[in-house]
Amino acid sequence: MEIVILAVVIAVVVLGAISGLVVSGRKKKQLPPSPPTAAVTPSVTAPPAEPQVGEEAETPSDVSRRTIEDTPLPVAEAPEAEAPVAEPEAPPAPEIEVPEPTAGRLVRLRARLSRSQNSLGKGLLTLLSREHLDEDTWEEIEETLLTADVGVAPTQELVERLRERVKVLGTRTPEDLRALLREELLTLIGTDIDRSVHTANGIGNGGDEIPGVVLIVGVNGTGKTTTTGKLARVLVADGKSVVLGAADTFRAAAADQLQTWGERVGARTVRGPEGGDPASIAFDAVKEGIAESADVVLVDTAGRLHTKTGLMDELGKVKRVVEKHGPVGEVLLVLDATTGQNGLVQARVFAEVVDITGVVLTKLDGTAKGGIIVAVQRELGVPVKLVGLGEGADDLAPFEPEAFVDALIGD
Ligand code: GDP
């Protein structure tokens with residue numbers, strides 16, 4: 001009997017356990033299925049990090065512009081072409097940005113300049129206003145100019161001129177001194193030089209018009225890619241259509257960075273594989289510019305300064321290969337104003353390698369060494385055409401000597 005009772009108890013327990021399992025199994029089956037992740041992944045690669053400026057999402061037209069030919073996907077990895085399983089989520093519908101007009105930008109940005117340059121202009125004015133302009137004071141004036149990276153020869157010239165003119169002046173009112181210094185600084189910088197960036201169409205080797213071609217060269221880290229992107233905005237703001245060539249294949253993120261800049265203003269970026277041949281990308285970019293009847297092609301080049309020969313080979317080749325289409329209108333050297341004498345050494349090396357036609361001085365917002373403008377123009381015999389005054393998208397300004405000097409000494 002006891003055995004029978006025990007058997008019944010065991011049977012009840014076993015049955016209970018089995019039914020519990022079934023219930024919990026049913027419960028599990030009732031859970032919603034996990035979301036199908038892979039099927040809805042957008043086929044377009046995520047845009048790269050924004051270049052530290054005000055954010056705007058891309059437009060649908062930007063996305064459609066980014067075709068397979070300008071997206072660096074290896075051919076074998078194009079699954080999106082075969083299986084359009086699910087519609088990717090529609091991107092938000094923002095607009096292409098309209099960059100600020102360029103006229104008078106330097107005047108608008110002068111606060112950035114005067115903040116960092118006070119020690120030069122205001123320092124000079126204070127010294128010149130001293131009651132006794134003795135030798136020590138003139139030495140201090142010289143020192144101030146040298147500290148601001150004006151360079152030895154231009155400093156001596158300026159001091160010489162100031163000495164003469166102050167003598168003639170007799171009484172020195174603050175207004176007189178300001179006017180005098182303004183005039184002499186302007187003479188030193190040069191007011192009658194053509195500082196326009198040459199972007200006019202050229203005549204191609206086939207006899208047809210081709211876009212203006214601008215090569216942007218400089219050591220990595222100077223702000224070369226950023227400047228290329230900002231320059232695209234300057235040109236778009238001035239009503240031109242632009243194609244970008246991402247020929248800086250040395251720095252991994254450079255092409256993504258440039259493409260992002262381009263997308264924001266509707267400019268196509270021609271790019272190649274990482275570590276690819278910069279010259280062939282530059283060639284393709286100009287080809288694309290011709291096909292699109294673009295106004296200007298901007299080519300961002302790699303700035304490895306490992307050896308002069310290496311640089312010469314690379315930049316020389318880029319220029320030669322681009323010239324198979326037609327002339328290069330402008331070669332802009334990007335220099336970081338904060339690097340002082342080092343920047344001048346770079347300038348010298350680049351000038352030996354390729355014919356520089358203009359200089360872009362970046363990061364003038366972060367230095368009191370604006371005198372480098374004078375020094376670099378002397379060194380290369382070419383004008384400073386643009387200045388970078390911040391990391392914002394429209395912080396690149398055409399260089400205007402008057403606005404610059406006024407910012408230095410106040411008006
Ligand atoms: P690249 O290696 O020469 O192409 O250098 P990038 O274009 O990537 O720029 C390097 C850094 O310099 C970035 O953080 C830029 O935002 C910064 N930069 C470029 N131009 C300016 C400028 O005019 N002012 C300031 N403050 N920063 C700048």
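Trainee: How do the residues lining the second largest cavity divide into nonpolar, polar and charged?
Mentor: There are eight nonpolar, two polar and no charged residues in that lining. Gly counts as polar here, and Asp, Glu, Lys and Arg as charged. The model is predicted: local features need pLDDT of at least 70 and side-chain atom pairs 80 or more, while totals for chains, interfaces and linings use all residues. Residues are numbered from 1 along each chain, and side-chain values use heavy atoms, without hydrogens or water.

Trainee: Which residues line the second largest cavity?
Mentor: The lining consists of Leu120, Val150, Leu185, Ile189, Gly370, Gly371, Ile373, Val374, Phe404 and Leu408. A cavity is a set of 1 Å grid points where a 1.4 Å probe fits but cannot get out, and lining residues have an atom within 4 Å of a point.

Trainee: What is the volume of the second largest cavity?
Mentor: Its volume, the space filled by probe spheres set on the points, is about 50 Å³. The model has two cavities of 30 Å³ or more.

Trainee: Which helices each supply at least two residues of that lining?
Mentor: Helix 7 (174-189), helix 13 (372-380) and helix 14 (401-409) do so. Helices are DSSP runs (H or I) of at least four residues.

Trainee: Why does the cavity lie between domain 1 and domain 2?
Mentor: Domain 1 (102-189) and domain 2 (202-401) both contribute to the lining, so the cavity lies between them.

Trainee: Turning to the ligand, which residues come nearest?
Mentor: Gly221, Lys224, Thr225, Thr226 and Glu391 come nearest, out of 19 residues around the ligand, each with a heavy atom within 4 Å.

Trainee: Where does Gln257 approach the ligand?
Mentor: An N or O atom in the side chain of Gln257 is 3.2 Å from a ligand oxygen atom.

Trainee: How far is the backbone of Gly223 from an oxygen atom of the ligand?
Mentor: A backbone N or O atom of Gly223 lies 3.0 Å from a ligand oxygen. For Lys363, a polar backbone atom is 3.0 Å from an oxygen atom of the ligand.

Key. 1 Å grid on protein atoms, 1.4 Å probe; cavity = no way out; pocket = protein on both sides within 12 Å on 5 of 7 lines; lining within 4 Å. Domains from an automatic or database assignment. Polar contact = N/O pair within 3.5 Å; in protein donor to acceptor, adjacent residues only side chain to side chain.
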